[in-house]
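Here are some short exercises to work through with the structure open beside you. Try each task before reading its solution.

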Amino acid sequence: KLKHFLNLKQAYTAYKKFVNQSMPRGSKTKTIKYKIENNIPLGKDSSKKSRWGWISAKIQSILNIDSSAERKTRSALRFVDLLLSENLVTLESLVATKASPDFFKRMSASIKLKFYRRLKRDENAKFEVGDSDDSELESENDCEGNENVIYQHEFCRLHDAEFHIIPDGQQKNYPLTIDFENLPSRVKDMFPELLNIAVGKTKSLFRDLAIDAYNTLGIGAKKPTALMGRFLNFIPGYYGTKGMSVIQSTLSALITSNELTYEMTKPQSPDEYLNEVLVPEAAIRLIAQDRQIGLDEAKKVMEDSVEFGMYVHDIELEDLET
């Protein structure tokens, strides 16, 4: 699937070259819809909005998707292409870790930035997707004029959320507001229970997932590309990346080096263990408290509400800069 997905870049490139060709005589008065349906190029003198609308419509047609899905597809494609071009991953490693196109389509702007920084091992790394030529075709409707594709996509995805993700989440009673100021106190209250997981008194499914990864990949489980297959497992459902950040920082402040040693967490490092085991374990307990349900059901809610959390309680890009 991923290989076929990446081949879409050729389609975008081909359509871009075609739409910039000179418009045939007698076609100037025709509507955009007519030109799209009859494969008539618009020429470089046409507006950015018109040219991108032409290309977008063609991609929507061949993939049988709507404009929102096409935007997500385009953003994911550009992000994967960036990772490949900077040699942060290889196609073979992506295929081996079973990183699907949907994995990248579901990433919000801040998740992409956080993920990129983890792969780069640089907490200050920044990126823009698209070159100067591509940016000419990036605008559509209210998104027009934004040179930074990531921020443009952030605007568009929020618009999409208003019509799809948020209403669906509200029907399932996922919270639009969360008391994040009180979250550290709640995490502190459950800290003894989380320590029982760390010392092996309480079983953890998230620990089992990590061990399975190490049993399958060996030391390769530590590689950034291996993280892709497990990354969304760490997001605490409707608490979003903002909740994940609060839980991480709270646990980091609470846990001493003596309480979480490599001997306790191996083959994971203590930091890996905190992020991949204790953070999601804390999350399912928070959800269980919120909804007065058991941990097994809370885990299902966490998995189902990830997209809602990524839209509604996504950590601000500005917060990641500090």
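## Exercise 1: Two helices and their angle

In this predicted model, helix α18 (residues 270–291) packs against helix α19 (residues 295–304) at an angle of about 105 degrees, with the two axes 8 Å apart. Work out how the pair is oriented and what the contact is made of.

*Solution.*
- Step 1. Angles from 65 to 115 degrees count as roughly perpendicular, and the angle here is about 105 degrees, so α18 and α19 are roughly perpendicular to each other.
- Step 2. Look for the partners: α18 brings P280, A283, I284, R285, I287, A288 and R291, and these meet L295, A298, K299, V301 and M302 of α19.
- Step 3. Sort them by class: the contact of α18 with α19 holds nine nonpolar residues, three charged ones and no polar ones.

## Exercise 2: A second pair

Now take helix α5 (residues 67–85) and helix α8 (residues 109–120), whose axes lie 12 Å apart at an angle of about 10 degrees. Describe their orientation, their crossing and their contact.

*Solution.*
- Step 1. Angles under 35 degrees count as roughly parallel; α5 and α8 are therefore roughly parallel to each other.
- Step 2. The crossing in which α5 passes α8 is right-handed.
- Step 3. On the α5 side the contact is made by S75, F79, L82 and L83, and on the α8 side by K112, F115, Y116 and L119.
- Step 4. By class, the residues of this contact are six nonpolar, one polar and one charged.

## Exercise 3: The core and the whole chain

Which residues touch the most other members of the largest nonpolar core, and which helix gives the most to this core? Then place the core in the chain as a whole.

*Solution.*
- Step 1. The largest nonpolar core has 73 residues, and F79, L83, F104, I247, L251 and L278 touch the most other members. F79 and L83 also take part in the contact of α5 with α8.
- Step 2. Helix α18 gives the most to this core, with eleven residues.
- Step 3. Zoom out: the protein chain has 21 helices and zero strands, and 50% of its 322 residues count as buried.
- Step 4. Among contacts between residues at least 6 apart in sequence, 71% join residues at least 24 apart.

## Exercise 4: A serine in a loop

Find S204 in the loop between α13 (191–198) and α14 (205–217). Is S204 buried or exposed, and what is S204 in contact with beyond its sequence neighbours?

*Solution.*
- Step 1. Buried means under 20% relative accessible area; S204 has 3%, so S204 is buried.
- Step 2. Leaving aside neighbours within four places in sequence, the contacts of S204 are I197, V277 and E281.
- Step 3. Take V277: S204 and V277 are 73 residues apart in sequence, yet 7.5 Å apart in space from C-alpha to C-alpha.

## Exercise 5: Unusual backbone

Most residues other than glycine have a negative phi, and most peptide bonds are trans. Locate the exceptions at N39, N173 and P267.

*Solution.*
- Step 1. N39 has a positive phi, near 55 degrees. N39 sits in the loop between α3 (32–37) and α4 (48–63) and is partly exposed, with a relative accessible area of 43%.
- Step 2. Phi of N173 is also positive, near 65 degrees. The loop here runs between α11 (165–171) and α12 (183–189), and N173 counts as exposed at 60% relative accessibility.
- Step 3. K266 and P267 are joined by a cis peptide bond, with omega about 10 degrees. P267 lies in the loop between α17 (262–265) and α18.

Note on methods:
Residues are numbered from 1 along each chain as its sequence is written. This is a predicted model: local features need pLDDT of at least 70, side-chain atom pairs count only at pLDDT 80 or more; totals for chains, interfaces and linings use all residues. Side-chain values use heavy atoms; hydrogens and water are left out. Axes are lines fitted to C-alpha atoms, for helices over the stretch in contact, and angles run from 0 to 180 degrees between N-to-C directions. Helices (H or I, at least four residues) and strands (E, at least two) are DSSP runs, numbered from the N terminus. Angles under 35 degrees count as roughly parallel, over 145 as roughly antiparallel, 65 to 115 as roughly perpendicular and the rest as oblique. A crossing is left-handed if the near helix is turned anticlockwise from the far one by less than a right angle, and right-handed if clockwise. Contact means heavy atoms within 4.5 Å. Ala, Val, Leu, Ile, Met, Phe, Trp, Tyr, Cys and Pro count as nonpolar, Asp, Glu, Lys and Arg as charged, and the others, Gly among them, as polar. A nonpolar core is a set of buried Ala, Val, Leu, Ile, Met, Phe, Trp, Tyr and Cys residues joined through side-chain atoms within 4.5 Å. Buried means under 20% relative accessible area, exposed over 50%, partly exposed in between (1.4 Å probe, protein chains only).
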